[in-house]
Amino acid sequence: MKRIIGILFAIIVLVSCNSQKVYSDFDISYSKSGGYAPVYENLLIKDNNVHYSFEGQGKKYKQDFKISNEDLKKLDQVLSQNNFRRIQEDRKKLYDNVSTSINIKKGINEGSKSDASLITPNYQTNWNNILEAFQQIINTNVKKQ
């Protein structure tokens with residue numbers, strides 16, 4: 001009996017650990033969170049597999065889908081053309097603000113940027129162009145209920 005309970009416990013632990021893997025194993029991450037009425041939106045890309053989740057405004061949904069190599073190349077081009085690695089974050093303190101974080105773990109645009117403390121004015125247009133590229137992927141592929 002103790003052996004059966006031990007095996008069940010081990011299975012539960014393994015399943016719960018594996019469910020969080022999607023949030024740590026990615027090449028590209030787009031995350032929007034915070035605000036007075038909190039919103040959490042994540043877009044995680046690993047190779048051609050994409051995991052999208054949204055929680056806020058009384059809604060909650062998740063969706064997995066594939067992205068084409070062409071769309072990945074377009075996203076990489078937008079990151080390069082808008083100098084993702086050179087974008088400078090401001091250091092001002094903001095509260096109750098919806099902030100967006102982008103993490104790139106591989107490729108020539110590898111880096112991490114966030115507008116949690118705003119983006120310096122001379123890079124704001126570049127940042128907006130990059131955000132628009134991610135939003136376009138979401139709008140094209142996510143079927144919201």
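These legends accompany several close-up views of one predicted model.

**View 1. Six strands make one open sheet.** Let us start with the sheet, where 6 strands are arranged in the order 4-3-2-1-5-6 and pair in antiparallel fashion. Strand 4 (59–66) and strand 6 stand at the edges with a single partner strand each, so one side of each has no neighbour in the sheet. From one strand to the next, the twist averages 5°.

**View 2. Strand 2 meets strand 3.** Here the two strands run antiparallel and are joined by 7 bridges. If you would like a residue pair to follow, look for Leu 44, which stands opposite His 51 of strand 3.

**View 3. Helix 2 turns one face to its neighbours.** Helix 2 covers residues 69–81, which makes 13 residues. Its span from the first C-alpha to the last is 18 Å, close to the 18 Å expected at 1.5 Å a residue. Which residues of helix 2 are buried? Leu 72, Leu 75 and Leu 79 are buried. Seen down the helix axis, the buried residues of helix 2 fall within an arc of 60°, so they line one face. A handy reminder for reading this view: an α-helix has 3.6 residues a turn, so residues three or four places apart point the same way. On the other side of helix 2, Lys 73 and Gln 81 are exposed.

**View 4. What the buried face of helix 2 touches.** The packing partners of the buried residues in helix 2 are strand 1, strand 2, strand 5 and helix 3 (124–141). Past the helix comes Asn 83, a residue with a positive phi, near 50°.

**View 5. Lys 46 reaches Asp 27.** The structure holds 5 salt bridges, and one of them joins Lys 46 to Asp 27, with the closest N and O atoms 3.5 Å apart. This pair links distant parts of the chain: Lys 46 belongs to strand 2 (residues 39–46), while Asp 27 sits in the loop between helix 1 (2–19) and strand 1 (28–34), 19 residues apart. Are the two partners buried or exposed? Lys 46 counts as partly exposed at 29% relative accessibility, whereas Asp 27 is buried because its relative accessible area of 9% falls under 20%.

**View 6. Asp 47 and Lys 106 bring two loops together.** The side chains of Asp 47 and Lys 106 form a salt bridge, 4.0 Å from N to O. Asp 47 lies in the loop between strand 2 and strand 3 (49–56), and Lys 106 in the loop between strand 5 (98–104) and strand 6 (111–114), so the pair ties together parts that are 59 residues apart in sequence. Asp 47 is partly exposed at 42% relative accessibility, and Lys 106 is partly exposed at 49%. It is worth viewing this pair alongside the previous one, as Asp 27, Lys 46, Asp 47 and Lys 106 are linked in a network of salt bridges.

**View 7. Glu 41 pairs with Lys 32.** Another salt bridge connects Glu 41 with Lys 32, the closest N and O atoms being 4.0 Å apart. How accessible is Glu 41? Glu 41 has 4% relative accessibility and counts as buried. Its partner Lys 32 is partly exposed, with a relative accessible area of 24%.

Notes
Residues are numbered from 1 along each chain as its sequence is written. This is a predicted model: local features need pLDDT of at least 70, side-chain atom pairs count only at pLDDT 80 or more; totals for chains, interfaces and linings use all residues. Side-chain values use heavy atoms; hydrogens and water are left out. Helices (H or I, at least four residues) and strands (E, at least two) are DSSP runs, numbered from the N terminus. Buried means under 20% relative accessible area, exposed over 50%, partly exposed in between (1.4 Å probe, protein chains only). The expected span of a helix is 1.5 Å times one less than its number of residues. The arc is that of the directions from the helix axis to the C-beta atoms. Contact means heavy atoms within 4.5 Å. Two strands pair if DSSP finds at least two bridges between them. Axes are lines fitted to C-alpha atoms, for helices over the stretch in contact, and angles run from 0 to 180 degrees between N-to-C directions.
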